[in-house]
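Me: I'd love a close look at one part of this model, with the focus on how its pieces sit against each other. Could you pick the part and walk me through it in one go?

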Amino acid sequence: MIARRYPSAGPLPGSADVTRRMSATRRRDTTPELALRSAVHLLGLRFAVDARPVETYRRRADLVFRGARVAVFMDGCFWHGCPKHCSWPKANAEWWRAKIERNKRRDHETAERLRDEGWVVVRFWEHEPVARCAARVAAVVKRRLIARPAPRSRSARE
């Protein structure tokens with residue numbers, strides 16, 4: 001069995017090989033995420049990448065539109081338990097199921113907390129068409145920016 005670096009990190013993987021593969025898996029800049037960023041950028045929107053929407057909250061979103069308060073997540077089908085494409089490994093099945101279910105609970109908790117803070121959370125699966133995802137992001141961001149009250153001019157305050 002593998003030694004645990006962080007006692008509360010959840011169940012342990014079954015082998016050093018699994019640990020090595022998981023460590024090599026990208027946390028950011030995945031192919032679907034890069035495609036979404038490129039498509040959204042081509043629509044004229046600017047955003048923060050792999051950033052905390054709320055500074056005091058340790059969760060990060062793939063795209064963050066601070067002015068509009070929109071957080072976008074591109075979820076991998078395997079790691080986040082896509083109902084269409086998630087395959088459950090047979091080796092060390094109990095560990096993998098616990099890991100993926102924990103990821104799903106964390107995703108839900110993150111969305112709830114951000115919504116409580118006044119953010120709109122937009123989630124996509126990696127298999128969704130990029131152009132459709134980008135169009136949805138643009139629509140949500142623009143709607144939020146329009147709905148936001150405009151700052152009062154300096155002369156109106158005096």
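Reply:
**Two helices and their packing**

Read along the sequence, the protein chain follows the pattern α-α-β-β-β-α-α-β-α-α. That comes to six helices and four strands. Please keep in mind that this is a predicted model. The part I'd pick is helix 5 with helix 2, since what covers the buried residues of helix 2 includes helix 5, and the buried residues of helix 5 pack in turn against helix 2.

Some background on the whole chain first. Of its 158 residues, 34% count as buried. Among contacts with a separation of 6 or more, 55% are accounted for by residues 24 or more positions apart. The chain exposes about 10,300 Å², and carbon and sulfur atoms supply 53% of that area.

Let's begin with helix 5, which covers residues 130-147. This helix has 18 residues and reaches 26 Å from its first C-alpha to its last, close to the 26 Å expected at 1.5 Å a residue. Its buried residues are C133, A134, V137, A138, V140 and V141. These six cover an arc of only 165° around the axis, so they sit on the same side of helix 5. The spacing is easy to follow from helix geometry: an α-helix has 3.6 residues a turn, so residues three or four places apart point the same way. On the other side of helix 5 you will find A131, R132, R143, I146 and A147, which are exposed.

What does the buried side of helix 5 pack against? Its partners are helix 2 (31-42), strand 2 (61-65), strand 3 (70-75) and strand 4 (120-125).

Now turn to helix 2 itself. With twelve residues, helix 2 reaches 17 Å from its first C-alpha to its last, close to the 16 Å expected at 1.5 Å a residue. P32, E33, L36, R37, A39 and V40 are its buried residues. You may like to notice that E33 and R37 are in that buried group. Here too the arc is only 165° around the axis, which puts the buried residues on the same side of helix 2. T31 and L42 are exposed on the other side.

The cover over the buried residues of helix 2 includes strand 1 (48-51), strand 2, strand 3, strand 4 and helix 5. Strands 2, 3 and 4 also pack against the buried residues of helix 5.

The backbone around this part has a few details to check by eye. Just after helix 2, G44 takes a positive phi of about 90°. Further on, D50 has a positive phi of about 50° although it is not a glycine. D50 is found in strand 1, and its relative accessible area of 5% means that it is buried. R69 is another residue other than glycine with a positive phi, near 60°. R69 lies in the loop between strand 2 and strand 3, and it is partly exposed, with a relative accessible area of 32%.

Following the strands outwards, two arginines lie over aromatic rings. R123 lies over the face of F73, at 4.2 Å from the ring centre. R97 lies over the face of W88, at 3.8 Å from the ring centre.

To finish, here are the aromatic pairs, of which a search of the whole structure finds five. The rings of F78 and W79 have their centres 5.1 Å apart and their planes at 85°; planes over 60° apart count as edge-to-face, so this pair is edge-to-face. F78 is partly exposed at 23% relative accessible area, and W79 is partly exposed at 25%. W79 also pairs with W96, with ring centres 5.8 Å apart and planes at 55°, so that pair is tilted. The W79 and W96 pair links distant parts of the chain, since W79 is in helix 3 (residues 77-80) and W96 is in helix 4 (residues 93-116), 17 residues apart. W96 counts as buried, at 9% relative accessibility. Ring pairs link F78, W79, W95 and W96 into a cluster.

Conventions:
Residues numbered from 1 in each chain as written. Predicted model: local features only at pLDDT ≥ 70, side-chain atom pairs only at ≥ 80, totals over all residues. Heavy atoms only, no water. Phe/Tyr/Trp six-rings, centres within 6.5 Å; stacked < 30°, edge-to-face > 60°. Buried < 20%, exposed > 50% of the residue type's maximum accessible area, 1.4 Å probe, protein only. Helix = DSSP H or I, 4+ residues; strand = E, 2+ residues; numbered from the N terminus. Lys NZ or Arg CZ within 6 Å of the ring centre and 35° of its normal. Contact = heavy atoms within 4.5 Å. Areas by Shrake-Rupley, 256 points an atom, 1.4 Å probe, with all protein chains shown as cover. Expected span 1.5 Å × (residues − 1). Arc of directions from axis to C-beta.
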